[in-house]
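Biologist: I have a model open and a few things to ask about it. Can you take me through them?

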Amino acid sequence: MSPASAPSRALLLEGIHPDAVAGLEKNGYAVETVARALDEDELIARIAGVELLGIRSKTSVTEAVLAAATDLLAVGAFCIGTNQIDVASASTRGVAVFNAPFSNTRSVVELVVSEIIALTRRLFDKNTGMHAGVWDKSAEGSHEVRGRRLGIVGYGNIGSQLSVLAEALGMSVFFYDTSDKLTLGNARRCGSMEELLATVDVVTLHVDGRPGNSDMFGEAEFARMRPGSLFLNLSRGFVVDHGALRRHIESGHLAGAAIDVFPNEPKARGDEFVSALRGLPNVIMTPHIGGSTEEAQQDIGQFVAGKLHDFVSTGNTALSVNLPAVSLTSQSGVHRLTHLHRNTPGVLATINSVLADHDVNIEGQLLGTRGELGYVITDIGSQYTPDVIEKLRGLPTTVRLRLLS
Ligand code: NAI
């Protein structure tokens with residue numbers, strides 16, 4: 001349903017940023033908000049009539065929720081992860097899922113920069129000493145970051161942005177990524193992680209959470225790092241062996257570390273934090289707050305709300321987590337049909353022959369596929385009759401047909 005013709009209902013849970021509410025209301029949606037997560041039964045009881053659902057990490061959108069959500073067009077995960085959503089079931093039902101993959105990139109990068117400086121300058125040692133009444137005024141062991149070699153493992157959104165900021169501070173940047181990446185500024189690509197580890201003074205991990213990255217950094221990798229170097233991980237907890245890290249810190253091989261993510265993180269605020277790294281003075285630990293800033297929350301709110309509205313009003317699926325990515329420029333004086341279907345040969349030809357049989361002229365069209373799904377946006381210039389729509393909706397391959405204008 002287009003928000004121009006009737007107000008669509010949006011249900012936003014878990015205290016999603018007010019900018020998301022304001023953005024959707026401005027575009028004509030009737031927005032209901034709930035400050036907390038809803039459990040499955042509560043969500044099922046409230047989902048009827050809802051076209052847009054906004055959640056964060058604590059609400060599970062299960063098969064049962066989706067089955068009850070007969071009017072649902074899209075789910076917005078106002079966060080990065082989408083594990084809390086049954087994405088496969090959403091796809092089968094033609095429900096688009098969106099998230100905010102890079103709204104907190106800058107927040108992580110700024111924390112990394114601050115920690116590299118703090119470790120290189122021994123700020124935490126000095127601070128701890130001062131609180132214990134120790135006036136340790138000396139330059140020993142304190143360095144500038146200018147001229148130091150930074151090694152970034154994983155040169156994606158975060159790694160590449162860090163590369164730019166680190167160079168601005170005068171660091172020499174090296175990176176290693178398993179995929180081909182555009183090298184920014186004066187950064188240098190390493191052919192292997194071994195080469196990177198043997199080259200740099202600071203190693204920072206920014207890899208994604210693919211299963212193959214489990215324990216990718218352990219005893220052998222720490223041993224390859226240059227003596228006196230620093231180690232940071234703000235990516236995923238399960239990629240690092242913390243026992244090995246502790247041994248290399250205690251032996252003095254590594255000068256310090258900063259860790260924001262842990263293999264076992266407490267479920268709730270206030271729960272005890274258990275880690276092999278507790279009690280090491282030259283290890284900075286933070287409770288998975290790399291991306292947690294008010295700016296990031298605001299950006300997530302604006303970004304995901306924008307994606308949801310764009311999908312409802314234009315059918316465009318750019319950056320959707322589950323549907324084929326299709327973006328067709330809007331033009332005036334046309335009607336837009338969006339057709340999600342099972343990706344089998346001949347669907348596009350069938351759609352177009354149905355349109356031709358009814359003397360409907362195509363003004364613009366774009367098809368995309370993703371796995372088992374195909375998605376085509378078609379702009380038609382001439383008037384159409386309801387039977388054309390019914391014919392398309394009734395095709396055996398149709399998952400969902402929407403008429404946007
Ligand atoms: P991204 O997907 O843009 O980049 C990841 C990069 O790592 C890709 O270029 C990929 O090719 C590369 N890669 C994957 N496995 C590799 C390996 N074994 N060796 C070398 N390169 C490898 O992800 P983005 O947005 O840059 O995020 C990076 C990580 O940071 C993710 O794990 C994400 O979950 C985490 N993150 C942590 C936050 C926090 O609060 N601490 C906040 C935001 C993201």
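Modeller: A term to start with: a salt bridge is a side-chain nitrogen of Lys or Arg within 4 Å of a carboxyl oxygen of Asp or Glu. D208 makes one with R210, with 2.8 Å between the closest N and O atoms. As for ground rules, this is a predicted model, where local features need pLDDT of at least 70, side-chain atom pairs count only at pLDDT 80 or more, and totals for chains, interfaces and linings use all residues. Residues are numbered from 1 along each chain as its sequence is written, and side-chain values use heavy atoms, with hydrogens and water left out.

Biologist: D208 and R210, buried or exposed?

Modeller: Neither; D208 is partly exposed at 38% relative accessibility, and R210 is partly exposed at 42%. Buried means under 20% relative accessible area, exposed over 50%, and partly exposed in between, with a 1.4 Å probe and protein chains only.

Biologist: How many salt bridges in the whole structure?

Modeller: The search finds 17. One of them joins the side chains of R106 and E110, at 2.9 Å from N to O.

Biologist: Where are R106 and E110 relative to each other?

Modeller: They sit 4 residues apart in helix α5 (residues 105–121), so about one helical turn separates them. R106 has a relative accessible area of 42% and is partly exposed; E110, at 43%, is partly exposed too. Helices (H or I, at least four residues) and strands (E, at least two) are DSSP runs, numbered from the N terminus.

Biologist: And K126, which residue does it pair with?

Modeller: D136, with the closest N and O atoms 3.3 Å apart. K126 is in helix α6 (123–131) and D136 in the loop between α6 and β6 (149–153), so the salt bridge ties together parts that are 10 residues apart in sequence. D136 is partly exposed, at 39% relative accessibility. There is also a network of salt bridges linking R9, E32 and R46.

Biologist: Changing topic. Which residues touch the most other members of the largest nonpolar core?

Modeller: L12, L24, L52, F78 and F311, out of 28 residues in that core. At least two residues each come from β1 (9–12), α1 (18–26), β5 (96–98), α11 (294–314) and β15 (373–380). The most come from α11, which gives 6. A nonpolar core here is a set of buried Ala, Val, Leu, Ile, Met, Phe, Trp, Tyr and Cys residues joined through side-chain atoms within 4.5 Å.

Biologist: Why say it lies between domains?

Modeller: Because domain 1 (1–103 + 293–323) and domain 3 (324–405) both give residues to it. The domain bounds come from an automatic or database domain assignment.

Biologist: What does F311 touch?

Modeller: Leaving out residues up to four places away in sequence, its contacts include L73, F98, L323, Y375 and R402. Contact means heavy atoms within 4.5 Å. A second, separate core has 27 residues, among them L196, V203, L205 and V240.

Biologist: Now the ligand. Which residues come nearest?

Modeller: I158, D177, V207, R236 and D260, of 27 around the ligand. Near means that a heavy atom of the residue lies within 4 Å.

Biologist: What about backbone atoms close to ligand oxygens?

Modeller: I158 has a backbone N or O atom 2.8 Å from an oxygen atom of the ligand. For G290 the corresponding distance is 3.3 Å, and a polar backbone atom of G291 is 3.0 Å from a ligand oxygen.

Definitions and conventions: Polar contact = N/O pair within 3.5 Å; in protein donor to acceptor, adjacent residues only side chain to side chain.
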